[in-house]
Amino acid sequence: MRGSAADATALMRVTQMEEADRLTVQAGTPGIDLMQNAGSAVAREILRRWSPRPTAVLCGPGNNGGDGFVVARVLAAAGWPVRLGLAGSMQQLRGDARHHAALWRRPVEPLEMGVLEEAALVVDALFGSGLRRPLSGEISRILELAVKRRVPVVAVDVPSGLLGDTGESLGAVPAVLTVTFTRKKPGHVLLPGRELCGETVVADIGTAAALLERIAIDTWENDPALWRRDLPQLRASGNKYSRGHALLWGGYPTTGAARMAARAAARAGAGLTTIAVPLEALPVYAAALTSIMVRAAAAPADLGKLLEDSRFNALLIGPGAGVDASTRARALAMLATQRAVLLDADAISAFAQDRRALFAAVAGPCVLTPHDGEFARLFDASGDKLARARAAARTSGAVIVLKGADTVIAAPDGRAVVNSNAPATLATAGAGDVLGGMILGLLAQGMEAFWAAAAGVWLHGAAASDFGPGLLAEDLPDLLPGVLRRLLAP
């Protein structure tokens, strides 16, 4: 677990999948058998979902096209009317693809618009995940015509034109179903790839788990299987102090963000939660909170005095804090303790002109939770999302939670998790503040920063899914106990 491609949550890069195939062949499984297994798996998923109908199988000149020949052969044997269009010529095919093409005893048509005539289903077996150039010409027009006619597209491995390592599109059209092999790739879960793939099915094509153990993995799809064993466990001998004491800085005049974060920290399990606030804000916070404690801290130095209490073991600043020098000073004071610190929202933007001071101050466990706009104020915003988050974590020394519908959590050592359970209802004001509080609550209970961030992001999505339409950010903390109850059930 959490180390090799044998983990079912592992995301394998294109080169790693190629290595898995190479090791499998080296261990004695012929490549033609792997191709037969792959194509048969695609056909099997089609047969499960659709009744026989005119089907156009579009084959490329490489191994993806070889898979397509197998799909066509299996569907035809099941009585389906199949037309097969090939990009290039039969003579250009090599190796395993050539072998399976030779077993197709029906006409092979040139890849032209006519192959879609009467088609009620299209199988895209053109290029797979290895393509590095934009789709163009007749191939692009054919795929676009299928979409225009609303013909369902089934993709083999990935929709052609989708980059398997990044989820970026070079002209891919949406599939209703994508069948990939052995493990997902990052492109299946990163946007826009996840939406372009439609339903994604991972098929076993005969690669042994023992061989997958030899492939070092540093990227996973977020799932409780990764961090469930690290979740804080309640013990009969425990008390509120043993469950950690979370301290937040509460902004003013914006107070709702910090209050929601504090409630989320408490619901995530922090034994005690305190908000330090400006003196003039004390009545507002005190009137609105009950189990959350409120302490006045009139100046940055007052926060320093609070931090002398080592029982505050997890700290957060950002929601409603204000983008100014005092926020920077308070954030640096928190980081100087070398305890677990989470910086969000304004505490990130406050360092836009002094990022080096921030990075130099990161000496203990630290989590930064920027959205794309905040991220761009501190880091290089070019490149794909996974690479950007990894580079930012390495540069800053902090765990980066690059938020979005495909949130990426990256650690300084190169580990990364891509989250895929966030519903669209999370696009609501304050949801990010609640996420910060959830992660804070896990940090307060001693969870390692990277896995606390990954768990917090998943719990956030699961809680939102439990609620459904009409979600408000303040609903989220009170949904968390139900999610945790399911996860911690024996």
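**Note on the predicted model: cysteines and two sheets**

1. The disulfide count comes to zero. That is for a predicted model. The test asks for two cysteine sulfur atoms within 2.5 Å.

2. Take C197 as a case. Which cysteine has the sulfur closest to that of C197? It is C59, at 19 Å, and that is too far for a bond. C197 is also buried, with a relative accessible area of 0%.

3. C366 is another buried cysteine, with a relative accessible area of 3%. The cut-off for buried is under 20%. Residue 366 also opens strand β14, which covers 366-369.

4. Now the sheet of seven strands. It is open, and its pairing is parallel. The strand order reads β3-β2-β1-β4-β5-β6-β7. Which strands stand at the edges? They are β3 (108-110) and β7 (199-203). Each has a single partner strand, so one side of each is left without a neighbour in the sheet. On average, neighbouring strands here are turned by 25 degrees against each other, direction ignored.

5. Look inside that sheet at β1 and β2. Strand β1 spans residues 55-59, and β2 spans residues 82-86. They pair in the parallel sense over five bridges. A56 stands opposite R83 of β2. C59, the cysteine from point 2, falls within the range of β1.

6. The other sheet has ten strands. It is open too, but with mixed pairing. Its order is β8-β17-β16-β15-β14-β13-β12-β9-β10-β11. The edges belong to β8 (219-221) and β11 (293-296). Each of these has a single partner strand, so one side of each lacks a neighbour in the sheet. Neighbouring strands are turned by 20 degrees against each other on average, direction ignored.

7. Within the sheet of ten strands, check β14 (residues 366-369) and β15 (residues 399-402). They pair in the parallel sense over two bridges. V367 stands opposite V399 in β15. Helix α17 (residues 385-396) packs on this sheet. α17 touches β8, β14, β15, β16 (408-410) and β17 (416-418). The direction of α17 makes about 150 degrees with that of β15.

8. Which strands does helix α18 (residues 431-444) lie across? They are β9 (245-249), β12 (312-317), β13 (340-344), β14 and β15. α18 runs at about 165 degrees to β12. β14 and β15 are touched by α17 and also lie under the list for α18.

Key. Residues numbered from 1 in each chain as written. Predicted model: local features only at pLDDT ≥ 70, side-chain atom pairs only at ≥ 80, totals over all residues. Heavy atoms only, no water. Pairing = 2+ DSSP bridges. Helix = DSSP H or I, 4+ residues; strand = E, 2+ residues; numbered from the N terminus. Axes fitted to C-alpha atoms, helices over the stretch in contact; angles between N-to-C directions. Contact = heavy atoms within 4.5 Å. Buried < 20%, exposed > 50% of the residue type's maximum accessible area, 1.4 Å probe, protein only.
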